[in-house]
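Let's walk through this fold together, starting with the sheet and then moving on to the helices and a few buried residues.

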Amino acid sequence: MIEQDEVWMRKAIKAAENARGLNEVPIGACLISENGELLATAGNRTITDCDPTAHAEILVLREAARKIGNYRLTATTLYTTIEPCPMCAGALVNARIERLVFGAHDIRFGAVESVFQICNTSSLNHQIEITTGVLAEDCRRLMQNFFRAKRNAKSI
């Protein structure tokens with residue numbers, strides 16, 4: 001499964017790079033069906049859409065749900081470049097995602113392992129299988145370079 005994980009994570013990284021091109025925080029995601037069909041892909045669009053919920057993961061869930069005609073996205077795997085925030089982690093549980101694969105941890109806001117454990121807590125009625133660290137360095141570098149450029153632009 002690792003080889004396929006890297007293929008799909010590269011698709012998520014491409015979506016993150018597209019978001020960066022829009023001056024959005026470079027996070028990308030894609031959702032894959034159990035038979036390997038790409039259901040949706042997106043990068044962050046909170047600024048572009050003027051929507052605080054327009055995170056890559058949420059946009060992918062919305063598009064895939066419309067595509068299949070069901071808000072329950074069982075038997076799917078979501079790939080995202082960065083560990084999901086609390087909003088996104090909760091949405092993944094509500095959508096009944098089977099598996100989550102993410103690249104780099106978010107030690108400040110991560111809601112899957114770093115700060116909270118929303119996706120696999122026994123307190124909720126659904127738990128998600130989690131795989132971490134897929135192309136983590138590439139995902140981390142995207143974020144670091146983006147914020148480094150932002151800081152440097154402010155100091156000029």
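Which residue of β4 does T80 stand opposite? In this predicted model, T80 faces F102 in β4. That pair is a handy way into the sheet, so let's start there.

**The sheet**

β3 and β4 run parallel and are joined by 5 bridges. Zoom out and you get an open sheet of 5 strands, ordered β2-β1-β3-β4-β5, with mixed pairing. The edges belong to β2 and β5; each has a single partner strand, so one side of each lacks a neighbour in the sheet. On average, neighbouring strands here are turned by 15° against each other, ignoring direction.

As a bit of background, strands in a sheet pair through backbone hydrogen bonds, in either a parallel or an antiparallel way. Here is how the pairs work out in this sheet:

| Strand pair | Sense | Bridges |
|---|---|---|
| β1 (residues 28–33) and β2 (residues 38–43) | antiparallel | 5 bridges |
| β1 and β3 (residues 76–82) | antiparallel | 5 bridges |
| β3 and β4 | parallel | 5 bridges |
| β4 and β5 | parallel | 4 bridges |

A29 is a nice residue to click on. Its bridge partner in β2 is A42, and its partner in β3 is T80. T80 in turn stands opposite F102 in β4, so to speak handing you on across the sheet. For the β4 and β5 pair, try R99, whose bridge partner in β5 is E129.

**A closer look at β1 and β4**

β1 and β2 make a hairpin with 4 residues between the strands. In that turn, G36 has a positive phi of about 85°.

How many residues of β1 are buried? The count is 6 of its 6 residues, so to put it plainly the strand is mostly covered. In a regular strand, side chains alternate between the two faces of the sheet. For β1, both faces are covered: G28, C30 and I32 are buried on one side, and A29, L31 and S33 are buried on the other.

S33, in strand β1, has 15% relative accessibility and therefore counts as buried. Beyond its neighbours within four places in sequence, S33 contacts L39, A75 and T76.

β4 has a similar story to tell. With 6 of its 6 residues buried, β4 is largely enclosed by the rest of the structure.

**Helices α2 and α3**

Now for the helices. α2 lies across β1, β2 and β3, and runs at about 150° to β2.

A packed pair of helices is described by the angle between the axes and the distance between them. Helix α2 (residues 56–68) packs against helix α3 (residues 86–95) at an angle of about 25°, with the axes 9 Å apart. That angle makes α2 roughly parallel to α3. The crossing of the two helices is left-handed.

What does the contact look like residue by residue? On the α2 side you have E57, I58 and L61, and these meet M87, C88, A91, L92 and A95 in α3. By class, the contact has 7 nonpolar residues, no polar ones and 1 charged residue.

**Two buried loop residues**

Is I27 buried or exposed? I27 sits in the loop between α1 (2–21) and β1, and at 14% relative accessibility I27 counts as buried. Setting aside residues up to four places away in sequence, I27 touches A16, A19, A42, G43, N44, A56, E57, T80, T81, I82 and M143. Among them are A42 and T80, familiar as the bridge partners of A29 in β2 and β3. E57 is on the list too, and E57 is one of the α2 residues that meet α3. I27 and E17 are 10 residues apart in sequence, with their C-alpha atoms 7.8 Å apart in space.

V112 belongs to the loop between β4 (99–104) and β5 (129–132). With 0% relative accessibility, V112 counts as buried. Apart from neighbours within four places in sequence, V112 is in contact with E83, P84, A89, L100, F102, Q117, C119, N120 and I130. That list includes F102, the residue that stands opposite T80. V112 and T132 are 20 residues apart in sequence, and 9.8 Å separates them in space, C-alpha to C-alpha.

Definitions and conventions: Residues are numbered from 1 along each chain as its sequence is written. This is a predicted model: local features need pLDDT of at least 70, side-chain atom pairs count only at pLDDT 80 or more; totals for chains, interfaces and linings use all residues. Side-chain values use heavy atoms; hydrogens and water are left out. Axes are lines fitted to C-alpha atoms, for helices over the stretch in contact, and angles run from 0 to 180 degrees between N-to-C directions. Angles under 35 degrees count as roughly parallel, over 145 as roughly antiparallel, 65 to 115 as roughly perpendicular and the rest as oblique. A crossing is left-handed if the near helix is turned anticlockwise from the far one by less than a right angle, and right-handed if clockwise. Contact means heavy atoms within 4.5 Å. Ala, Val, Leu, Ile, Met, Phe, Trp, Tyr, Cys and Pro count as nonpolar, Asp, Glu, Lys and Arg as charged, and the others, Gly among them, as polar. Buried means under 20% relative accessible area, exposed over 50%, partly exposed in between (1.4 Å probe, protein chains only). Two strands pair if DSSP finds at least two bridges between them.
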